[in-house]
Amino acid sequence: MRLGPQHIRGGWLKYTQAKGEDLADREPVDVEVPVHPDLDEVIAGTKITHLTFLATQQGRARTPAGFGNVFREWCDAAGLPHCSAHGLRHAMAARLAERGASPHQIMSVTGHKTLAEVQRYTKAADRRGTAKAAMGLLTEPETGTEIVAPQVEVQKSATIRGKS
């Protein structure tokens with residue numbers, strides 16, 4: 001909600017992420033991610049006159065509550081009542097997981113601090129797609145494994161508990 005053009009340098013988005021207003025009390029995380037080409041295109045085509053991309057009509061940065069409220073209005077207007085600002089981070093983590101990103105890769109993009117946090121957001125990721133990818137591993141040719149027919153005829157033994 002407070003990101004602006006000053007956070008983009010050399011194609012990278014760099015910012016400090018923390019919950020709430022007071023960064024000092026919230027164990028902030030420095031995040032640095034490449035700007036996605038789609039986002040770069042939108043930013044390039046947008047007239048930006050403020051320090052934040054999503055400024056209020058008065059040209060000020062939005063408060064967390066104000067951002068949540070306006071984001072709710074935008075989602076409703078777009079016919080997406082199931083979406084919310086809080087869900088953006090979850091959606092990004094899930095999308096990355098569905099595309100095979102490792103937990104550490106997801107953490108580097110979302111700013112999560114622990115694997116447990118990432119797992120909470122990604123455990124419901126597209127299980128069908130993940131299962132399909134996993135089963136695809138079984139159709140790849142194996143290397144170093146060969147089934148060989150026995151060279152001699154194998155006979156059943158008539159020995160039962162030590163008796164012949």
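This passage walks through a predicted model of a protein chain, from its overall layout to a few of its helices, a pocket and two loop residues.

The protein chain holds 6 helices and 3 strands. Followed along the sequence, these elements come in the order β-β-β-α-α-α-α-α-α. The chain has 164 residues, and buried residues account for 18% of them. A look at contacts rounds off this overview: of those between residues at least 6 apart in sequence, 40% link residues at least 24 apart.

Helix α2 is a good place to begin a closer reading. It covers residues 64-77, and its 14 residues should span 20 Å at 1.5 Å a residue; the C-alpha atoms at its ends are indeed 20 Å apart, so expectation and model agree. Which residues of α2 are buried? They are Phe-67, Val-70, Phe-71 and Cys-75. When the helix is viewed down its axis, the buried residues of α2 fall within an arc of 145°, and therefore they line one face of the helix. That buried set packs against α3, the helix formed by residues 86-98. The other side of α2 presents a contrasting picture, with Ala-65, Glu-73 and Ala-77 exposed. Just after the helix comes Gly-79, whose phi is positive, at about 75°.

Helix α6 makes a useful companion to this description. With 13 residues, α6 reaches 19 Å from its first C-alpha to its last, which is close to the 18 Å expected at 1.5 Å a residue. Is α6 largely in the open or buried? The number of buried residues among its 13 is 0, so α6 lies largely in the open.

Helix α6 also takes part in the second largest pocket, which contains about 160 Å³ of space. The lining of this pocket is made up of Ala-97, Glu-98, Arg-99, Gly-100, Thr-122, Ala-125, Gly-129, Thr-130 and Ala-133. Two elements, α3 and α6 (127-139), each give two or more residues to that lining. Of the elements involved, α6 gives the most, with 3 residues. In terms of residue character, the lining comprises 3 nonpolar, 4 polar and 2 charged residues.

Attention can now turn to the loop between α1 (37-44) and α2, where Thr-52 is found. Thr-52 has a relative accessibility of 8%; because buried means under 20%, this residue counts as buried. What does Thr-52 touch, leaving out residues up to four places away in sequence? Its partners are Met-1, Arg-2, Leu-3 and Gly-4, together with Arg-60 and Ala-61.

His-50 sits in the loop between α1 and α2 as well. At 32% relative accessibility, His-50 lies between the limits of 20% for buried and 50% for exposed, and so it counts as partly exposed. Once neighbours within four places in sequence are set aside, His-50 is in contact with Pro-5, Ala-55 and Gly-59. Between His-50 and Ala-61 there are 8.6 Å in space, C-alpha to C-alpha, and the two are 11 residues apart in sequence. Ala-61 has already appeared above as one of the residues that Thr-52 touches.

Terms used:
Residues numbered from 1 in each chain as written. Predicted model: local features only at pLDDT ≥ 70, side-chain atom pairs only at ≥ 80, totals over all residues. Heavy atoms only, no water. Helix = DSSP H or I, 4+ residues; strand = E, 2+ residues; numbered from the N terminus. Expected span 1.5 Å × (residues − 1). Buried < 20%, exposed > 50% of the residue type's maximum accessible area, 1.4 Å probe, protein only. Arc of directions from axis to C-beta. Contact = heavy atoms within 4.5 Å. 1 Å grid on protein atoms, 1.4 Å probe; cavity = no way out; pocket = protein on both sides within 12 Å on 5 of 7 lines; lining within 4 Å. Points joined across faces, edges and corners; volume = space filled by probe spheres on them. Nonpolar A, V, L, I, M, F, W, Y, C, P; charged D, E, K, R; others polar.
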